[in-house]
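Subject: Structure handover

Hello,

Here is the structure we spoke about. Please open it alongside this note.

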Amino acid sequence: MYPSRFRYEAPRSLNEAISLLHDGGDYAKVLAGGQSLVPLMKLRFASPQLVVDINNVPGLDYHRADPDGTLRIGALCRHVHLERSDLLKTTQPTMAAAAPLIADPIVRNRGTLVGSLCHADPQGDWASVVLALGGSVVARGPRGTRAIPLADFVTGPFENVLDPDEIAVEAVIPAAQGTRSGGYLKLERRVGDFATVGVAVALETSGGTVTRAGIALTGVGGSTIGATEAAQALTGRPLSAESIEQAAELTAQAARPRTDHRGSAEYKRHMVRTFVLRLLSRGNTAETAERAA
Amino acid sequence: MTIVYDDHEGQTTDVPVRRIKFTVNGEKKIAEVEPRLLLSHLIRRGLGLTGTHMGCDTTNCGACTVLVDGRPAKSCTMLAVQADGHEISTVEGLATASELHPLQEGFKEEHGLQCGFCTPGMMMAAKALLDENPDPTEEDVRWALSGNLCRCTGYQNIVKSVLWAAAKLRAESTSSAESGS
């Protein structure tokens with residue numbers, strides 16, 4: 001399968017890339033990891049007239065923490081970098097749990113987190129993780145730079161709010177106010193398949209009280225779902241069997257699964273509930289152990 | 001290398017062709033390619049290296065796996081132009097004129113293939129693993145190959161083959177270290 005014919009540019013600076021997009025007319029696409037864009041182009045679901053390959057733009061392959069703990073992930077930071085990151089292992093439990101579950105190990109060598117967010121696939125794992133963590137996408141264009149909270153970034157399946165001449169240059173995860181805990185659980189039929197159900201939980205606790213909670217769902221609706229009511233139910237009090245049960249119930253209600261070849265809607269909703277229980281109970285145990293120690 | 005394009009009368013504008021420089025199995029190459037040419041096609045048709053197989057053509061099966069700067073990549077999911085300035089390794093680069101690579105020997109010894117279609121991709125993914133981790137556990141091997149599908153073997157013998165190769169490579173590096181000292 002071949003993509004349809006397009007013009008290809010491989011600029012060496014962001015400014016050059018932005019001006020190419022600006023002059024590129026209506027249908028230009030940015031190529032980073034290419035693990036979603038190239039398949040879409042081969043299937044002719046996407047037929048851009050111009051492809052701007054940013055792989056030669058230096059200085060975008062980073063992920064690093066600011067002194068205050070804010071995490072920044074550059075547009076060319078590959079999944080494999082995040083999978084092997086000690087920084088994530090020690091400071092970002094939800095991200096560290098998700099990184100080895102993205103696609104398969106070969107795809108992870110090339111694909112990028114920022115590209116996954118831009119692709120806005122309802123089955124995308126990173127979108128749930130970043131949404132649960134309250135993250136945002138930084139876009140740069142001819143009119144300057146803006147940060148867009150992930151909750152506002154994705155407008156529908158495969159749709160984001162980037163202007164045609166804007167590039168998503170990094171993803172930002174805000175610093176934690178308390179101790180981070182959480183995780184990501186994904187039910188998939190085999191490695192590399194899209195999630196039947198994916199649940200991201202990100203908690204911040206301080207003195208035994210949950211100060212911030214985020215729960216987001218992959219693959220159980222037309223877009224990534226933020227379970228805001230469930231998160232609210234957890235916030236401002238210690239984790240307890242009761243609050244965990246309540247959050248699991250509210251999250252299951254927030255899911256909008258459809259019956260398909262991966263499972264029935266009932267099964268998926270049940271798995272959402274189960275995953276929330278597992279993730280939060282695990283956090284609860286850690287918290288208990290911490291207080292006991 | 002010649003690539004022929006369809007000339008759709010009246011609608012064909014200039015075919016945008018780019019010149020790229022890259023390395024394949026240690027040999028420097030220059031190619032002129034249309035940007036929509038896939039790396040897998042450059043390898044198979046342009047270079048005539050048909051050891052790299054096209055399986056699913058949808059980024060699932062891993063039969064087309066090659067190494068790009070030492071890291072496995074699905075060559076059906078990369079544009080050939082993206083190879084510009086990079087080093088590609090294919091299955092043809094494993095053996096020397098006189099000797100099989102230990103991975104190839106391993107697949108032979110442990111019966112790691114039946115139809116053989118997935119084998120080149122399996123071996124390239126395994127090569128990247130062993131380059132990084134000479135002493136992998138069975139679990140390590142299974143995860144490293146989890147982006148490569150095999151419909152024949154049930155994977156058992158593939159995993160054994162890779163472990164066989166790992167042991168042989170370790171033995172070789174020990175004996176060469178001993179003879180060197």
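Please keep in mind that this is a predicted model. I start with chain B, go on to its contact with chain A, and then turn to chain A.

Chain B

Chain B is divided into two domains: domain 1 spans 18-93 and domain 2 spans 102-173. Their C-alpha centres lie 21 Å apart. The contact between them takes 16 residues from domain 1 of chain B and 13 residues from domain 2 of chain B. On the domain 1 side, strand 3 (65-68) and strand 4 of chain B each supply at least two residues. Strand 3 of chain B has the largest share there, with 3 residues. By class, that side of domain 1 of chain B has 7 nonpolar, 8 polar and 1 charged residues.

Where the chains meet

How many residues of each chain are in contact? The count is 24 residues of chain B and 22 residues of chain A. On the chain B side, strand 4 (71-74) and helix 4 (138-144) each supply at least two residues. Strand 4 of chain B gives the most, with 4 residues. The chain B side divides into 10 nonpolar, 9 polar and 5 charged residues. Note that strand 4 of chain B appears twice: it supplies residues to the side that touches chain A, and it also supplies residues to the side of domain 1 that touches domain 2 of chain B.

Chain A: domains

The domain assignment of chain A gives domain 1 (7-52), domain 2 (65-173) and domain 3 (179-292). The C-alpha centres of domain 2 and domain 3 of chain A are separated by 20 Å. Their contact takes 24 residues from domain 2 of chain A and 25 residues from domain 3 of chain A. Three elements of chain A each supply at least two residues of the domain 2 side: helix 5 (93-98), helix 8 and strand 8 (154-156). Helix 8 of chain A has the largest share, 6 residues. The domain 2 side divides into 14 nonpolar, 8 polar and 2 charged residues.

Chain A: helix 8

Is helix 8 of chain A enclosed by the rest of the structure or open? Helix 8 covers residues 125-132, and 8 of the 8 are buried, so the helix is largely enclosed by the rest of the structure. Among the buried residues are A:Asp125, A:Trp126 and A:Ser128, along with A:Val129, A:Val130 and A:Leu131. Just after this helix, A:Gly134 takes a positive phi of about 70°.

Chain A: the sheet

Chain A also has an open sheet of 5 strands, in the order 4-5-10-6-7, with antiparallel pairing. Strands of a sheet pair through backbone hydrogen bonds. Strand 4 (63-65) and strand 7 (144-149) of chain A are the edge strands, and each pairs on one side only. On average, neighbouring strands of the sheet are turned by 25° against each other, direction ignored.

Look at strand 5 (residues 71-74) and strand 10 (residues 167-173) of chain A: they pair in the antiparallel sense over 4 bridges. A:Leu71 stands opposite A:Ile173 in strand 10 of chain A. Helix 1 (residues 14-23) of chain A lies across strand 6 (136-141) and strand 10 of chain A. Helix 1 runs at about 125° to strand 10 of chain A.

Best wishes

Technical notes
Residues are numbered from 1 along each chain as its sequence is written. Chains are lettered from A and ligands numbered from 1 in the order in which they are written. This is a predicted model: local features need pLDDT of at least 70, side-chain atom pairs count only at pLDDT 80 or more; totals for chains, interfaces and linings use all residues. Two residues are in contact if their C-beta atoms, placed from the backbone, lie within 7 Å. Ala, Val, Leu, Ile, Met, Phe, Trp, Tyr, Cys and Pro count as nonpolar, Asp, Glu, Lys and Arg as charged, and the others, Gly among them, as polar. Domain bounds come from an automatic or database domain assignment. Two strands pair if DSSP finds at least two bridges between them. Axes are lines fitted to C-alpha atoms, for helices over the stretch in contact, and angles run from 0 to 180 degrees between N-to-C directions. A residue is buried if 20 or more other C-beta atoms lie within 10 Å of its own, exposed if 12 or fewer, and partly exposed in between; C-beta atoms are placed from the backbone.
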